[in-house]
Amino acid sequence: MDTCKIKICGLSRFRDILAVNEALPDYIGFVFAKSSRRVTPDRARQLKGELDPRIRTVGVFVNAPMEEILCLTEDCGGQNGTIGMIQLHGDEDEAYIRTLKEHTHVPVIKAVRVQGTDQIQKAQELPCDYLLLDTYTRDAYGGMGVGFDWNMIPRLSKPFFLAGGICSGNLARAAALRPYCIDVSSGVETDGRKDCKKIRELVNLLRATHEYKESKGA
């Protein structure tokens with residue numbers, strides 16, 4: 001069984017970078033959309049400069065101008081990019097994704113605010129590299145740290161990130177759904193700030209869960 005990866009999203013402080021450098025998740029996310037975790041491009045570049053190079057960066061955008069996204073990738077000016085993956089969390093459609101991919105080699109994740117199984121199945125037809133399944137919240141593009149009914153997830157051919165209310169208490173069940181990657185933000189926070197201890201514990205718990213399953217031949 002392939003090991004499920006983990007992404008810690010919404011990093012905004014240098015102490016957050018120190019925390020993930022210790023825990024070594026597979027991905028971290030910089031939020032460029034309206035959010036309490038929002039960072040500016042300059043701030044993200046500074047944070048990326050202190051990040052362990054083994055951790056891949058994801059930029060999170062909501063209905064952003066395409067030029068804003070491209071200028072954070074290495075496709076702009078031939079410079080090393082701030083982000084290594086693009087996460088579209090708004091109303092971006094097939095045409096937007098196709099045009100974006102014509103201008104960058106950076107993989108694209110398209111978020112689906114889940115309302116039903118048919119919606120997820122249809123999203124597989126989008127020209128993105130990955131889906132991200134998150135909780136539908138009216139009048140908000142993020143899941144607000146609340147989970148959704150995972151029974152709605154069909155068997156998918158496209159790899160997907162799983163988000164929405166994931167924490168140490170439901171991590172094993174989330175991993176059992178075999179997502180490509182588990183995406184966590186508020187689940188590793190205390191009072192709205194990233195918590196070094198929670199990040200370390202969650203990353204270690206996920207990897208320990210997989211090691212146990214593999215030892216049993218799961």
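## An exposed start: D42

D42 is exposed, with a relative accessible area of 51%. Exposed here means over 50%, so D42 qualifies at 51%. This is a predicted model. D42 sits in helix 2, which covers residues 41-49. Its partner for a distance check is L72, 30 residues away along the chain. The C-alpha atoms of D42 and L72 are 9.8 Å apart.

## Overall build

The protein has seven helices and ten strands. There are 218 residues, and a compact globule of that length would have a radius of gyration near 17 Å. The protein has 16 Å, which agrees with that expectation. Along the principal axes, the C-alpha atoms fill a box of roughly 50 × 40 × 35 Å.

Contacts across the sequence add to this picture. Take the contacts between residues at least 6 apart in sequence: 59% of them join residues at least 24 apart.

## Surface and charge

Buried residues account for 50% of the 218 residues. The accessible surface comes to about 10900 Å². Carbon and sulfur atoms supply 46% of that surface.

The charged side chains number 30 positive and 29 negative. The centres of these two sets lie 4 Å apart.

## Nonpolar cores

The largest nonpolar core has 56 residues. Six residues have the most contacts inside this core: I86, L100, L133, I153, L162 and I182.

I182 shows what such contacts look like. Leaving out residues up to four places away in sequence, I182 touches C4, K5, I6 and K7. I182 also touches L162, I166, L171, A174, A175 and L206. L162 is itself on the list of residues with the most contacts in the largest core. There is also a second, separate core of ten residues. Its members include M85, A111, Y130 and F161.

## V106 and M85

V106 lies in the loop between helix 4 (94-103) and strand 5 (108-114). V106 counts as buried because its relative accessibility is 3%, and the cut-off for buried is under 20%. The C-alpha atoms of V106 and M85 are separated by 5.5 Å. Along the chain, V106 and M85 are 21 residues apart. M85 is one of the residues in the second core.

## Two loop residues with positive phi

L24 has a positive phi of about 55 degrees, although L24 is not a glycine. Its place is the loop between helix 1 (14-23) and strand 2 (27-31). L24 is partly exposed, with a relative accessible area of 23%.

R178 also has a positive phi, near 60 degrees, and is a residue other than glycine. R178 lies in the loop between helix 6 (171-176) and strand 8 (181-184). R178 is exposed, at a relative accessible area of 56%.

## Helix 7 and A208

A208 is found in helix 7, residues 196-215. At 41% relative accessibility, A208 counts as partly exposed. Partly exposed covers the range between the buried limit of 20% and the exposed limit of 50%, so A208 fits there at 41%.

A208 and S185 are 23 residues apart along the chain. Their C-alpha atoms are separated by 20 Å. Helix 7 also holds L206 by its numbering, 196-215, and L206 is among the residues that I182 touches.

Technical notes. Residues numbered from 1 in each chain as written. Predicted model: local features only at pLDDT ≥ 70, side-chain atom pairs only at ≥ 80, totals over all residues. Heavy atoms only, no water. Helix = DSSP H or I, 4+ residues; strand = E, 2+ residues; numbered from the N terminus. Rg over C-alpha atoms; globule rule 2.2 N^0.38 Å. Buried < 20%, exposed > 50% of the residue type's maximum accessible area, 1.4 Å probe, protein only. Contact = heavy atoms within 4.5 Å. Areas by Shrake-Rupley, 256 points an atom, 1.4 Å probe, with all protein chains shown as cover. Lys, Arg positive; Asp, Glu negative; His and termini not counted. Charge placed at Lys NZ, Arg CZ, Asp CG, Glu CD. Core = buried A, V, L, I, M, F, W, Y, C linked by side-chain atoms within 4.5 Å.
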